[in-house]
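Subject: Handing over the structure, with notes

Dear colleague,

Here is the structure I promised to pass on to you, and below it you will find my notes on what was found in it. Please keep the structure open while you read, so that you can look up each residue as it comes.

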Amino acid sequence: MLAGERENPVVGLATGDTPGPMYAALSRVGLPALRAFAIDEYGGPRVHPCNNRAYFERHWRLIPGAGDVEQFDPEVADRRAECERFAGALAAAGGLDLVVLGIGMNGHLGFNEPGSKPHEGARLVSLHETTRQAAARCWGDHAPRTGLTLGLSEILSARAVLLLATGERKAAVVARALEGEVGPEVPASHLQEQPRLTVVVDEAAAALLRAAR
Ligand code: GLP
């Protein structure tokens, strides 16, 4: 999976239900040395069971060989500056060799909501209502209104991209992203322009793909 020339590949990591089984599988086999960067974080408290920092504590820490995940700090006074700091740290590490992505119901990648452009970098964003509704499953009435995210620019310039999608509820957005028109309306559609894209979907999520029929 981590085929690359670099000794310590740099990997961007998504959170969410989708990559959970991948992290569980990795906890049985372990990891080679690598540097991990979270691709996003909720603009909420630094310590909260529903944020991405806590997710990585639960899903990543258990993997033999896994080191720290570089994270956005959502509790700094200036979140915009924090996004710049994070993008700078990633650039200093040489950018992403691999990014592991899920896909939002509205076609977002990380927190790059519809309207996001491929040249936009890491930044503070407003979360769309669908994203807040999904977040409410854990956050309840306190779903954050903002997110800190790598931009499509850092994500799409990864040297390899792995997109994961599972379940019937993702079928429409997977088909739209991979076989529909490319544009900011569905940020994940820009993956069609990524030369090193690997898509791993279960049958339910692949159901509406023409290529799978
Ligand atoms: C969140 C995250 C994304 C993730 C997406 C899908 O909003 N910011 O990185 O890919 O939702 O999550 P799930 O896999 O739980 O459907």
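How many Å lie between a polar side-chain atom of H108 and an oxygen atom of the ligand? In this model, which you should keep in mind is a predicted one, the distance is 3.1 Å. The protein covers 91% of the 390 Å² of accessible area that the ligand has on its own.

The ligand's surroundings

Two further residues approach oxygen atoms of the ligand: T18 places a polar side-chain atom 2.4 Å from one, while D17 has a backbone N or O atom lying 2.8 Å from one. These residues belong to a longer list of surroundings, which also includes T15, G16, D40, G102, I103, G110, F111, R169 and K170.

One of these surrounding residues, T15, deserves a separate look, and you will find T15 in the loop between β1 (10-13) and α1 (20-29). Its relative accessible area is 18%, and T15 is therefore classed as buried, given that the word is used for values under 20%. The side chain of T15 is joined to that of N52 by a polar contact of 3.2 Å. If residues up to four places away in sequence are not counted, T15 touches D40, N52, Y55 and F56, and D40 is also among the residues that surround the ligand.

Two helices with a buried side

Following the chain onwards from that loop, you come to α1, in which the buried residues are G20, M22, Y23 and L26. They lie on the same side of α1, because the arc that they cover around the axis is only 160 degrees. Turned away from this buried side is a face that carries the exposed residues P21, R28 and V29. The buried residues, for their part, pack against β1, α2 (52-59), β5 (98-101) and β8 (161-165). Just after the helix comes G30, which takes a positive phi of about 85 degrees.

A second helix, α4, can be read in the same way, and here T131, R132, A135 and W139 are the buried residues. Seen down the axis of α4, they fall within an arc of 90 degrees, and so they line one face of the helix. Q133 and R137 are exposed and sit on the face turned away from the buried side, whereas the buried residues pack against β3 (40-42). Just after α4, G140 has a positive phi of about 60 degrees.

Salt bridges

A search of the whole structure finds nine salt bridges, and I describe some of them here.

In the bridge between R85 and E82, the closest N and O atoms are 2.7 Å apart. Because these residues are three apart in helix α3 (residues 79-92), about one helical turn separates them. The two partners are not equally accessible, since R85 is partly exposed at 41% relative accessible area, while E82 is buried at 5%.

A comparable arrangement is found in α4 (residues 129-139), where R132 and E129 are also three residues apart and separated by about one helical turn. Their side chains meet in a salt bridge with an N to O distance of 3.9 Å. In this pair R132 is buried, with 12% relative accessibility, and E129 is partly exposed, with 48%.

The salt bridge between the side chains of D97 and R159, at 2.8 Å from N to O, links distant parts of the chain, for D97 is in the loop between α3 and β5, R159 is in the loop between α5 (152-156) and β8, and the two are 62 residues apart. With a relative accessible area of 13%, D97 is buried, whereas R159, at 37%, is partly exposed.

Finally, E57, R61 and D68 are linked in a network of salt bridges, which you may like to trace for yourself in the structure.

With best wishes

Note on methods
Residues numbered from 1 in each chain as written. Predicted model: local features only at pLDDT ≥ 70, side-chain atom pairs only at ≥ 80, totals over all residues. Heavy atoms only, no water. Helix = DSSP H or I, 4+ residues; strand = E, 2+ residues; numbered from the N terminus. Buried < 20%, exposed > 50% of the residue type's maximum accessible area, 1.4 Å probe, protein only. Polar contact = N/O pair within 3.5 Å; in protein donor to acceptor, adjacent residues only side chain to side chain. Contact = heavy atoms within 4.5 Å. Arc of directions from axis to C-beta. Salt bridge = Lys/Arg side-chain N within 4 Å of Asp/Glu carboxyl O. Near = heavy atom within 4 Å. Areas by Shrake-Rupley, 256 points an atom, 1.4 Å probe, with all protein chains shown as cover.
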